[in-house]
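Let's take a walk through a protein model, one piece at a time. Keep the 3D view open and follow along.

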Amino acid sequence: MKALLPRASASARSRLAGAGLIVIAAALVAALVLASVAIGYAAFDVPSAMADLLAGRTTLPALVLWELRIPRALLGALVGFSLGLTGAVLQGYLRNPLADPGILGISSAAALGAVMVFYGGLAGSLSLALPLGGIAGAALAALGINLLAARGTGTLGLILAGVGLSSLAGALTALALNLAPNSYAALEIVFWLMGSLADRSMDHVWLCLPLMGLGWILMLSTARALDALALGEDTAASLGFDLVSVRLRIVTGAALAVGSGVAVSGAVGFVGLVVPHLVRPLVGSRPGASLWPSGLLGAALVLGADIAIRLLPSRPELKLGVITALVGAPFLIGLLFRRQGRT
Amino acid sequence: MRLVAEAVGVRIGRTVILGNVSLDLGPGAFVGLVGPNGAGKTTLLRILAGLLPATTGRLTVDGRAMASVRRDERARRLAALFQGAGVGWPMRVSEIVALGRLPHRRAFAALGDADRAAIARAMRLADVAHLADRAEPTLSSGERMRVLLARALAVEAEILLADEPITALDPAHQLDAMTLLRAISRRGIGVVAVLHDLTLAARFCDRIIVMEDGRLVADDRPDAALTDGLLASAFGVAAHRGTAFDGTRYILPWERSGPGTKEMG
């Protein structure tokens with residue numbers, strides 16, 4: 001029994017460390033949201049704008065705050081949380097450190113949905129037409145994935161279905177670009193695909209918030225199953241987890257969170273791939289423990305990148321997906337090298 | 001707990017994977033499940049664990065149909081050890097063993113005192129207490145096997161089903177693992193292990209179940225089950241039999257029985 005005591009306190013310590021990490025990450029996200037509101041292209045008195053806004057005065061600063069700054073900051077946090085969380089969930093579920101939110105083909109399908117709206121010329125007539133098209137694409141993709149992978153509980157079938165779907169959506173997007181009526185339209189699509197949070201409105205926030213929230217709940221509910229899946233599917237099933245339900249929750253949750261994210265912001269790569277790797281060493285590699293911290297760190301990363309975009313002198317501003325890829329790709333290469341060294 | 005299979009079978013399309021297997025498992029015995037590759041041992045183990053539904057026959061837990069037993073109750077009463085998948089992440093040993101408590105924990109509840117006590121017992125039994133803070137990739141194969149066994153023991157189930165628990169181990173660790181599995185069965189837990197080493201199976205198990213081509217061809221005490229005729233027909237080997245220096249009888253698969261001997265059984 002003596003040996004039990006230090007171990008019990010070690011596990012209590014790691015639980016405490018886990019809770020501490022979540023608190024610190026949440027504080028970081030809150031600070032970055034404030035920074036994102038405060039930092040912009042024009043000098044801006046945030047407190048007085050906030051006072052105007054709260055008092056219901058429709059002054060120009062209050063409008064800028066409500067129509068531009070706050071939606072941009074909130075969307076950064078929402079999209080980042082979705083990407084980080086989905087990355088951690090998919091890496092845990094597929095037991096593959098190179099899985100990212102795009103692996104199920106949902107991002108590509110959401111992008112395709114939005115591109116079809118562009119292509120159909122609907123984007124100009126309704127401000128939410130683009131994100132709605134993206135959400136429709138993601139929904140169809142999730143349906144297709146669930147049907148394709150419905151037989152058996154194997155994860156390989158899921159990956160293959162995702163790769164197939166991703167290729168198909170990519171090919172159709174390329175076709176749309178190829179057939180674009182003019183080069184300006186093609187350019188607009190290409191820029192949109194790079195991902196950005198600029199010029200989004202509160203309508204975008206209200207559109208994606210409920211979908212993302214539902215997706216987060218579905219994915220967070222699988223935390224324990226992900227822990228059990230560290231030992232393989234048979235063992236997880238023997239521990240009492242219904243793997244069909246787990247897969248359904250993960251695919252649907254990922255589609256809701258990432259699909260609506262892509263729909264409002266375009267494709268933002270590498271966040272979902274990189275963040276779980278930063279979190280894992282801090283939580284003892286337990287997949288279920290990495291979910292909340294990955295979501296929060298994802299939010300911090302996207303907010304940070306979006307702030308950097310506005311601080312960089314490049315005009316027009318760089319696209320968000322370009323910045324995250326520029327930071328993420330070298331990280332990925334480093335990761336591959338480290339893994340090679342270990343095995 | 002009694003786990004009873006009555007004429008249990010599995011077919012995929014028209015191929016019979018497992019046909020008409022009947023057996024009765026209870027507490028306190030160490031049962032070796034043997035048979036050549038492809039005989040259906042792992043399929044049978046997965047059926048017994050409730051992970052694969054039988055397409056024919058009946059599987060009951062204390063008289064109730066397995067299908068009607070709730071998933072969480074099944075998980076608490078039946079532990080299964082599958083090693084093929086390994087451990088996906090570099091988790092700490094104590095956290096791996098703690099996974100065995102998942103069936104006992106309510107949603108969002110942290111580990112309780114009963115859980116911690118069970119984890120400590122399991123780690124002591126499998127002799128991995130000193131590895132508690134090691135990360136999984138730093139373990140040797142023998143240590144990893146004992147850690148995964150401790151994980152299965154932490155469930156504190158009534159029956160433990162183990163798929164090839166000793167296959168990857170060196171001789172010393174194989175002996176350790178078989179001794180441990182027998183010791184666990186002496187504590188009242190029913191242990192069923194898929195084994196390939198007939199010498200160790202015959203020496204340590206109380207009972208041997210032999211599978212061949214998806215059928216159960218023998219289910220008896222080791223010396224009664226592993227007859228020369230059965231070794232030739234099911235495994236295609238002839239065994240040397242002898243007496244060890246401590247007086248124990250042993251069998252040792254020595255050579256392939258010649259072509260044509262298949263008809264003898």
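Right after helix H9 of chain B comes B:Gly236, and its phi is positive, near 70°. Keep in mind that this is a predicted model.

Now look at H9(B) itself, which runs over residues 228-235. Which of its residues are buried? They are B:Leu231, B:Ala232, B:Ala234 and B:Phe235. These buried residues pack against four strands of chain B: E9 (207-212), E10 (215-220), E11 (237-243) and E12 (249-256).

Staying in chain B, find B:Thr43, which sits in helix H1 (residues 41-48). Is B:Thr43 buried, exposed or partly exposed? It has 18 C-beta neighbours inside 10 Å, so it counts as partly exposed; being buried would take 20 or more. Leaving out residues up to four places away in sequence, B:Thr43 touches B:Val10, B:Ile17, B:Leu18 and B:Leu52. Its C-alpha atom is also 8.9 Å from that of B:Gly214, although 171 residues separate the two along the chain.

Over to chain A. An unreviewed UniProt entry annotates several stretches of this chain as "transmembrane region", including residues 128-149 and 246-279. Here is how those two stretches look in the model:

| Stretch of chain A | Helix | Strand | Distance between end C-alpha atoms |
|---|---|---|---|
| residues 128-149 | 91% | 0% | 31 Å |
| residues 246-279 | 85% | 0% | 22 Å |

Next, two helix pairs in chain A. Helix H8 (residues 202-220) packs with helix H11 (residues 243-265) at an angle of about 155°, and their axes are 8 Å apart. Why is this pair called roughly antiparallel? The angle is what makes H8(A) roughly antiparallel to H11(A), because anything over 145 degrees counts that way. The crossing is left-handed. Among the residues that meet are A:Leu207, A:Leu211 and A:Trp216 from H8(A), and A:Ile250, A:Leu256 and A:Val264 from H11(A). Sorted by class, this contact has 14 nonpolar, 6 polar and 1 charged residues.

The other pair is helix H3 (residues 60-94) and helix H12 (residues 271-279), whose axes come within 7 Å and cross at roughly 70°. That makes H3(A) roughly perpendicular to H12(A). This time the crossing is right-handed. On the H3(A) side the contact includes A:Gly80, A:Leu83, A:Gly84 and A:Gly87, while H12(A) brings residues including A:Val271, A:Leu273 and A:Pro276. By class, the contact between H3(A) and H12(A) has 7 nonpolar, 6 polar and no charged residues.

Note on methods. Residues numbered from 1 in each chain as written. Chains lettered and ligands numbered in written order. Predicted model: local features only at pLDDT ≥ 70, side-chain atom pairs only at ≥ 80, totals over all residues. UniProt positions renumbered as here; feature names shortened; annotations may be inferred. Axes fitted to C-alpha atoms, helices over the stretch in contact; angles between N-to-C directions. Parallel < 35°, antiparallel > 145°, perpendicular 65-115°, else oblique. Left-handed = near helix turned anticlockwise from the far one by under 90°. Contact = placed C-beta atoms within 7 Å. Nonpolar A, V, L, I, M, F, W, Y, C, P; charged D, E, K, R; others polar. Buried ≥ 20, exposed ≤ 12 C-beta atoms within 10 Å, placed from the backbone.
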